[in-house]
Amino acid sequence: MDAPDLLPNYSSDSEPNTGKQASDTRNEDLAELQEQVIANFQKPNVPNVNVPEKIIICLDVCYNNHNSLYHLSDGTTFTPMNMIKRVLDFFLHSKNAINRRTEFALITLKESEPCWVQNFTSNLKELINTIDYINAEECKSETFDLTKLFQMIKQKADIPEYKEGECILPPPHVVRMIVLYGRSNCIPVVAQDDPYFNFLKRQLYFYIDILLAHEENCALYKCVEIYDALQDLDNGYSYVFEVLRNATKIHDCIAKLLAHPLQRALQKNTDYAFGSRY
């Protein structure tokens, strides 16, 4: 069924030529707003409540270029692994400050398979100590099969069932996996017919967010192919970011992932600007 006209349409035919440009801009803004409203109406009817999150940190520990570095404005440099640890420390403490009932688990993506490292816990000290002892590994593979990752999450994570008749009642928690992928020459393989992946995509209280941090010279690497492959994880409600070796932007992206999945807008409708445009 076609969506109703939620906002009125305006015409600039009767306006003087001097106001035509302003009128066109207004019409474009109204059309964009109408599209956003319709998109939000099409979202599943889930409660807009800050229920506790169970967040699975899926940390890629492999690299393709051991000389790659992040540079801070004061001249300090970080390897990709140390920079990820730095932004993770910020994310974990910030999320814990927002809701102390948030729990975190940790999966590492090794050379050829994922490894469940840390069960769900709200003990940040324990989790950060575990992350600190993780070492980077050189990646020599050209592909990485994510099938075992989906199977692992299906077995380990308790995902609440969405019941349409009880959709106004908040779930006890939601589960979110945040994939921090750092390889630039190894393409993740997402089998669309995988039963575990299809099960997870159907769960309205399970979310997958992605942060791809890759090398700067994409002509020498497979950054585009990797980004396209990771997009297959998105069921329409994911937040997907990609950054180069830029310390400021990777902090910006991890901060945007602090938003609660039940309370945030669709990524295409987000606006991080301060104040009004008018």
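**Note on the predicted model: strands, cysteines, voids and one lysine**

1. Start in the sheet. Isoleucine 56 stands opposite methionine 177 in β9. This is a predicted model, in which local features need pLDDT of at least 70, side-chain atom pairs count only at pLDDT 80 or more, and totals for chains, interfaces and linings use all residues. Residues are numbered from 1 along each chain as its sequence is written, and side-chain values use heavy atoms, with hydrogens and water left out.

2. Strand β1 has two partners. β1 pairs with strand β9 (residues 174-181) in the parallel sense, over 7 bridges. β1 also pairs with strand β5 (residues 103-109), again parallel and over 7 bridges. In that second pairing, isoleucine 55 stands opposite phenylalanine 104 in β5. Pairing requires that DSSP finds at least two bridges between the two strands. Helices (H or I, at least four residues) and strands (E, at least two) are DSSP runs, numbered from the N terminus.

3. Strand β1 (residues 53-60) is mostly covered: 8 of its 8 residues are buried. Buried means under 20% relative accessible area, exposed over 50%, and partly exposed in between (1.4 Å probe, protein chains only). Glu53, Ile55, Ile57 and Leu59 point one way from β1. Lys54, Ile56, Cys58 and Asp60 point the other way. Note the charged side chains, and that both sets are buried.

4. Cysteines next. The whole structure has 0 disulfides, a disulfide being a pair of cysteine sulfur atoms within 2.5 Å. Cysteine 186 is in none; the nearest cysteine sulfur, that of cysteine 139, is 4.0 Å away. Cysteine 186 has a relative accessible area of 0%, so it counts as buried. Cysteine 253 is buried too, at 8% relative accessibility.

5. How many cavities of 30 Å³ or more does the whole structure hold? The search finds 1. The largest cavity has about 40 Å³ of space. On a 1 Å grid over the protein atoms alone, a cavity is a set of points where a 1.4 Å probe fits but cannot get out; lining residues have an atom within 4 Å of a point. Points are joined across faces, edges and corners, and a volume is the space filled by probe spheres set on the points.

6. The lining of the largest cavity consists of Leu200, Lys201, Phe206, Tyr207, Ile208, Leu233, Asn235 and Ser238. Both α5 (195-202) and β11 (206-213) supply at least two of these residues. β11 gives the most, with 3. By class, the lining has 5 nonpolar, 2 polar and 1 charged. Here Ala, Val, Leu, Ile, Met, Phe, Trp, Tyr, Cys and Pro count as nonpolar, Asp, Glu, Lys and Arg as charged, and the others, Gly among them, as polar.

7. The second largest pocket holds about 230 Å³ of space. Its lining has 19 residues, and Cys62, Tyr63, Thr79, Pro80 and Met81 are the closest to its centre. β2 (62-63), α2 (80-98), β9 and β11 each give two or more residues to this lining. The largest share, 3 residues, comes from α2. The classes are 12 nonpolar, 5 polar and 2 charged. A pocket is an open set with protein on both sides within 12 Å along at least five of seven lines.

8. Last, lysine 95. It sits in helix α2. At 3% relative accessibility, lysine 95 is buried. Where does its side chain reach? To the backbone oxygen of leucine 258, at 2.6 Å. A polar contact is a pair of N or O atoms within 3.5 Å; within protein, one must be able to donate a hydrogen and the other to accept it, and residues adjacent in sequence count only if both atoms are side-chain atoms.
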